[in-house]
2 protein chains.
Amino acid sequence: MTHEKPIRFGILGCAHIAIKLCKAITTAPNATLHAIGSRSLEKAAAFMVEHGLPEAVRVYGSYEDVVNDDEVDAIYIPLPTGLHVTWAVNAAERGKHVLLEKPVAMNVTELDRILEACEAHGVQFMDGTMWVHHPRTSKMKEALSDQQRFGQLKWIHTCLTYNPGPEFMKHSIRMKPELDGLGALGDVGWYCIRAILWAMDYELPKSVLAFPGAILNEAGVIISCGSSLHWEDGKSATFHCSFLTYITFDITALGTKGCLRLNDFTLPYDENLGFGTFHESSELDYGKIEQGRWCPKANEHVVETEFSQDVWMVKEFASLVQKVKYLEVKPEKEWSVMSRKTQLVLDAVKDSIERGYKVVEIGS
Amino acid sequence: MTHEKPIRFGILGCAHIAIKLCKAITTAPNATLHAIGSRSLEKAAAFMVEHGLPEAVRVYGSYEDVVNDDEVDAIYIPLPTGLHVTWAVNAAERGKHVLLEKPVAMNVTELDRILEACEAHGVQFMDGTMWVHHPRTSKMKEALSDQQRFGQLKWIHTCLTYNPGPEFMKHSIRMKPELDGLGALGDVGWYCIRAILWAMDYELPKSVLAFPGAILNEAGVIISCGSSLHWEDGKSATFHCSFLTYITFDITALGTKGCLRLNDFTLPYDENLGFGTFHESSELDYGKIEQGRWCPKANEHVVETEFSQDVWMVKEFASLVQKVKYLEVKPEKEWSVMSRKTQLVLDAVKDSIERGYKVVEIGS
């Protein structure tokens, strides 16, 4: 695909996460940053200067201008969740491919409008979940799939929390119902659910039951919650997400013969050092347990990486867009499917909380 | 207390765990192994030889004989849970102090009979939860109580599992309703609940809700289950326990400012090497997160120990018994209180499962 030109990205808004994506787009070999738009031209121009973006990048004083720029191939949308459906549909209708920050929508009905627009206009869709693109993730999947060492997956627990403090709690868009109205469930619970689905090969659970005692702010936005998830064949999972405690990015996956654990699954500790690690253990000698020893400490596996995970994400997305643009291949739909399943489970957990902690069956 | 003689222990039965306790009693400076009884004299004698116990240890062909031995001060009871109430009450009534293996009873009603007998006869009670006696545990408590680094405790997750295999599932006493009828909930869930209560300063939760999808064997014994636990002030916890997966001894405690994690909390990885470690982290620079770095890796704290945790348990128990015996001090009741609270929560989780996953309020 050496004859194919890099995919030209336009970015809507100057969200904090956009800084990271600007760098990722500039770094990815098959992508280039073409335009950035904010609600004010001054703000966009200041963002350019502050983050040292190339002068060739076009600066717009509205999102509309970015979407209408004929030279933009793909739009990255890091806007508050409440604005996603409007701008993702808008972009798709103008034939722009859509890289959409998570959580992708307020609910699956909104997401379906986005996905239908992408389908109708033949554009590629992908959500902004970065960790799944790190080479470590596919190595972890190999470990989980190793019947000899890991056995059958039975149970998963994920936990994502951070404590952004009182200013955030008062003023952040993540605390406003009309902006990021899914609160902690959308911001970090999204990762918990996605990781569980990833480990379960994207098999949807049969039902969920949220933990009683979810904590909401005065406007009804979730600050802390969790849920158990249940599969037909007896597999189960739990997760906890919160804006109230110290940072954790934990996953524990338990198989009949082995265990996989990470405390940095959404962002490797040493992302900038060109590797990620994961821990697995198996081959226990049970006879030693009651003599004061049990399993050996977990094995640490080091996975080297040429790029950080955000660059891998942009590269993979741009590569799919190149295929659509230059090879007239249909957009790859697996990314829509993963996003939609994540949203379905997220909706069910929210529903379980709103219905006073009732079991909620997962629809399709 | 140098004038006080070591406490003389009698052991009921030749359970696997008794091997460990024989060594612990022999090692503890204030304890001595006096007698061991089995339902058959041959079995007890074989156990003596197999494990190289001192010839001075008396061997009996019944539990009754051990309890009736006038020179026995304290009885260690590693019998199946279903036999605890009979033998613990029997021992207390004969004025023997009671060190009772966990889970202590089939339910709190049975436990109350045991505790009332101990109270009535002025004997010391303690359950066989070893990890709380390791010096590491009090160091971890200090870390959890450090308001500056850890902040307020908000959430705990514990997970204890192992996969003992198909032979165990068919034949183990832990799979028989009339013997260890609490199954995985009693065998490993006991530790999960105890650890949660320990971290919460033994404040009882307001309610529990078991996770749907608990797995029971044909006889109705729990093989795998879990629950969420809820406190009046918004603190919460979850646990998972199972006989179906690879071994885990995990605890994660989350505070507003810090995190404490262990994957070996019930038995340190290197128990025989004279130390235990624990991991805590705090002091995060949030500004670095979105630039591809987040908190530093957890700090590992090494806690040296003169004895293994089973010896510490025996030593602490024997020391309390010495006070009762030689200083005419009343038995220390905090150990009964901890056991009873653990059993109360365990009963509530079992109740929640049996009632089809309803919220169960915790009584007193």
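1. Two strands are said to pair if DSSP finds at least two bridges between them. That term underlies the first points of this note, which concerns a predicted model. In chain B, strand S2 (residues 31-37) and S3(B) meet this description, being joined in the parallel sense over three bridges. Within this pair, Gly37(B) stands opposite Tyr60(B), a residue of S3(B).

2. The pair belongs to an open sheet of chain B. Six strands form this sheet, and their order across it is S3-S2-S1-S4-S5-S6, with parallel pairing. At the edges are strand S3 (58-60) and strand S6 (125-127) of chain B, each of which pairs on one side only. From one strand to the next, the twist averages 25°.

3. A helix accompanies one end of the strand order. Helix H5 (residues 108-120) of chain B lies across strand S5 (97-100) and S6 of chain B. The direction of H5 makes an angle of about 145° with that of S6(B).

4. A further set of strands in chain B deserves separate attention. Strand S12 (residues 248-255) of chain B runs antiparallel to S13(B), and four bridges join them. The connection from S12(B) to S13(B) is a hairpin through two residues. One bridge partnership links Ile251(B) with Leu262(B) in S13(B).

5. S13(B) also pairs with strand S14 (residues 275-282) of chain B, in the antiparallel sense and over four bridges. Here Cys259(B) has Ser281(B) in S14(B) as its bridge partner.

6. Is strand S13 (residues 258-262) of chain B largely enclosed or largely open? Five of its five residues are buried, so the strand is largely enclosed by the rest of the structure. In a regular strand, side chains alternate between the two faces of the sheet. In S13(B), Gly258(B), Leu260(B) and Leu262(B) point one way, whereas Cys259(B) and Arg261(B) point the other way. The residues on both sides are buried.

7. The last point turns to chain A, where Asp180(A) occupies the loop between helix H7 (166-171) and helix H8 (183-199). Is this residue buried or exposed? The relative accessibility of Asp180(A) is 11%. Buried means under 20% relative accessible area, and Asp180(A) therefore counts as buried. Its contacts, leaving aside neighbours within four places in sequence, are with Pro80(A), Thr81(A), Ile173(A), Arg174(A) and Val221(A).

Methods. Residues numbered from 1 in each chain as written. Chains lettered and ligands numbered in written order. Predicted model: local features only at pLDDT ≥ 70, side-chain atom pairs only at ≥ 80, totals over all residues. Heavy atoms only, no water. Axes fitted to C-alpha atoms, helices over the stretch in contact; angles between N-to-C directions. Contact = heavy atoms within 4.5 Å. Buried < 20%, exposed > 50% of the residue type's maximum accessible area, 1.4 Å probe, protein only.
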